[in-house]
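Visitor: I'd like to go through how the two chains sit together. Can we start with the basics?
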Protein chains: 2
Amino acid sequence: MGSEGDVAQKLAEIVGERHFLTGEAIPDEYAGDEALVGERQKPRYVAKPATADEVAAILATATEHGIPVTARGSGSGLSAAARPSAEGILISFERMNTVIEIDTTNHVAVVQPGVTLSELDELTAESGLGYTVYPGEMSASVGGNVGTNAGGMRAVKYGVTRNNVLGLQAALPTGEIIRTGGKIVKTSTGYDLTQLIIGSEGTLALATEVTVKLHPRLGNGATVLAPFTDLDTVMAAVPSVVSSGIAPHILEYIDALTMAAITYTASLSLGIPDEVREASQAYLVVGLENKEAQRLSDDVAALGELLTGLGATDVYVLEGGSARKLIEAREKAFWTAKAAGADDVIDVVVPRSTMPEFLARAREIAGKTESGVVGCGHAGDGNVHLGIFQKDPEKRSSLLRDIFAVGMELGGAISGEHGIGRAKLEYFTELEDPVKIELMHRIKQAFDPKGILNPGVLFG
Amino acid sequence: MGSEGDVAQKLAEIVGERHFLTGEAIPDEYAGDEALVGERQKPRYVAKPATADEVAAILATATEHGIPVTARGSGSGLSAAARPSAEGILISFERMNTVIEIDTTNHVAVVQPGVTLSELDELTAESGLGYTVYPGEMSASVGGNVGTNAGGMRAVKYGVTRNNVLGLQAALPTGEIIRTGGKIVKTSTGYDLTQLIIGSEGTLALATEVTVKLHPRLGNGATVLAPFTDLDTVMAAVPSVVSSGIAPHILEYIDALTMAAITYTASLSLGIPDEVREASQAYLVVGLENKEAQRLSDDVAALGELLTGLGATDVYVLEGGSARKLIEAREKAFWTAKAAGADDVIDVVVPRSTMPEFLARAREIAGKTESGVVGCGHAGDGNVHLGIFQKDPEKRSSLLRDIFAVGMELGGAISGEHGIGRAKLEYFTELEDPVKIELMHRIKQAFDPKGILNPGVLFG
């Protein structure tokens, strides 16, 4: 064990004085992410490494001195997994923001973890390929997405982060650097460390390079909006759309309150007559894409017929501008909920077929405590995003616990894509099978014997 | 520690006398799988459990007494991961062969591990849905596929086992039973134990129930065969086919020798004129499917043009019977190689773009030791299946080591879908990063503190 001064000096040496902050010099942005709950907390140190070797050296130093380390991408997470410990080091990946390679033969990109989704989208555009994970926040970093296994609207067709990351370079808490997977789409050569690190919320190893899949951009897209008189009918329609073979890349439900809020916030008029809107309890938004324009318009027509048969009051094919704005407004639903005073935002995932029951029971639970529960979600994935309106912390905690318990009872999980972080730790600890938590903790120890990586996240 | 008699009695009690074998009563089939190398080995005990509880009880007993346990599905593996230890217990999942549920709303099936792919295919057919992992051996069990992360021809479109298993019930070596994932397509709620167990070759936990994704069966299919004068041109054509947007579900290359062997074995005439066949060094086989017949025939036409532009000598659209027979003959390539006297069969995976270099270097290495190397492979996945003809064990070992090293040097891995098992352990141990092997071993210990699960597989 060295003194505090030794640690600060060592960290400054590793990343360079200019890229090391401590004390008052640390700006507030490093005190957390976008999670709505809990107190923000500045770390003791902020280090901004430029290379994998620097990351590994920071980790080795932290392990030597037993100092907590939290990784930060863009800070757009919603579960406080990037909220540092008061006595710890925050590693900000902002300088590791290079797209190393766009490989059009193998259809992969190799990027540093601080690269944002919008940078990657821009740089891949010319190749006709693209990265298909759109968690609704294009300023999010690829490294952060790896941490939470981010999803988003297109997951119904393309899968979530874990389905689109083929390999990692990662620094271990003990200071070694490993490479897992690569530009290969399959492997059966030992344990899949790539998959284990994805979604581990910075508790096992820190990604210092990420190899992601790219898909051909299909060129022609359409957005279809269908109002329904009630939420159950929307939910019942979802499996039929999925099994129709039309293969939408977006399949979202939005409840009436949320639709009113997001369109109001975006100053967006969708051209829906007042009488239809007033009679609608929920909407389905379906995105289609095709390499050929004719096939797309045939699919749109088939989808319209299908939705009408499934009980849609009407079917609107949105024009380019409105379509884009609606999708953007939906992506900003979190911000709208926050602006409307939501006290928390959660993203329970359940088997697709159980969404109606899950929503009914969540509303029933909310009703008992006079809480508000409104939302939207990735209907094709069974991933329900709910804004929670309940100011009283105890009531809110009890409400959340009960809603998570219902989700798990239906065969689901506490979070589909936001992660547990610090924000949901108490519920995870209470509701998850203790045998699994113990096992996960032993896996954690296999990577991180001194427990330096993100203490307070996933484990109490 | 109890005596040997105690253990036998305990095992017989757990599964019932009728489902417990020892000594001479153990038939030879339980001595291994289809791996071509190494000595087959009968276990001391064979136990055939009927439930997860029985599996867990066997494991608890084995942990208590420190006895090795090897799991067996259908015994169709190619890497000897189902070859038991002489002093150990073989758990055969043959009695756990029930398809528990076909859920057409959530598009999943829940099956016991001993269910074969052909049983699952048959039972899902009526629903219009199907399980899309076809590793070329329909007698393979789902549980065995989980163990090796099996792939097969359709992986180019649908992914491998790990992309199609959503959840597990699994028995831990310590005797507990856990559930991971479920009928949900995403989760960010702790470490992904499902993904960690998949591909672990029976060394971490034993799956006692598997929840798999089902996809709509698209109804219309076509198989296109294109001969090329040389292998490099075939390989160079592959990325263009992948990025064309035509999205084939099969994309295989077959070298001329292998094509001659498999068509001869299958008594299959493809109607290719002698002069074309004689001038062809390699073939591309492309499978297309579509929910609509017109789109399929448009895609077949577009593919034909594309392949001609990419250097195919000719393009044949195979009729139903020939198409089916060719795909079946390709699936039986392993058996053909075995019948032809192959001394080993390997399945290196490399980045798709490096296949020509990999094959050229593999042939060069083979040439130096006068060994034969012929094959075929999942071209879209960069997964090269090679039959190795070299009788001398030392020469063969050196040849394999060098071929695996080239694959890894090109950014690939020793096995794409067959696994390491016992057959490739020496190469894995020598060539893999020791930091990763150490880490994997610590993960192994987190699951299996007494090291009872499949010793000799993955770790030396």
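Guide: First a definition: the copies are superposed by least squares on the C-alpha atoms of residues with pLDDT of at least 70 in both. This is a predicted model.

Visitor: What turn lays chain B on chain A?
Guide: A turn of 180 degrees, with a shift of 0.0 Å along the axis, and the RMSD is 0.0 Å. The two copies are thus related as by a two-fold rotation axis.

Visitor: Which residue of chain B comes closest to the rotation axis?
Guide: Ile443(B), whose C-alpha lies 2.8 Å from the axis. Both copies use the same surface, and 100% of the contact residues of chain B recur in chain A.

Visitor: How many residues does the contact take from each chain?
Guide: 76 from chain B and 76 from chain A. Chain B and chain A bury about 6,100 Å² between them, with 60% of that on carbon and sulfur atoms. Of the area that chain B buries against chain A, 15% comes from Lys186(B), Ser188(B) and Tyr191(B), more than from any other three residues.

Visitor: Switching to charges. How many salt bridges between chain B and chain A?
Guide: Ten. One pairs Asp299(B) with Arg295(A), with the closest N and O atoms 2.8 Å apart. Polar contacts between the chains come to 33 residue pairs.

Visitor: Which element gives the largest share of the side of chain B that touches chain A?
Guide: α17(B), with nine residues. The residues on that side of chain B divide into 30 nonpolar, 28 polar and 18 charged.

Conventions: Residues numbered from 1 in each chain as written. Chains lettered and ligands numbered in written order. Predicted model: local features only at pLDDT ≥ 70, side-chain atom pairs only at ≥ 80, totals over all residues. Heavy atoms only, no water. Contact = heavy atoms within 4.5 Å. Buried area = accessible area lost by both parts, 1.4 Å probe. Salt bridge = Lys/Arg side-chain N within 4 Å of Asp/Glu carboxyl O. Polar contact = N/O pair within 3.5 Å; in protein donor to acceptor, adjacent residues only side chain to side chain. Helix = DSSP H or I, 4+ residues; strand = E, 2+ residues; numbered from the N terminus. Nonpolar A, V, L, I, M, F, W, Y, C, P; charged D, E, K, R; others polar.
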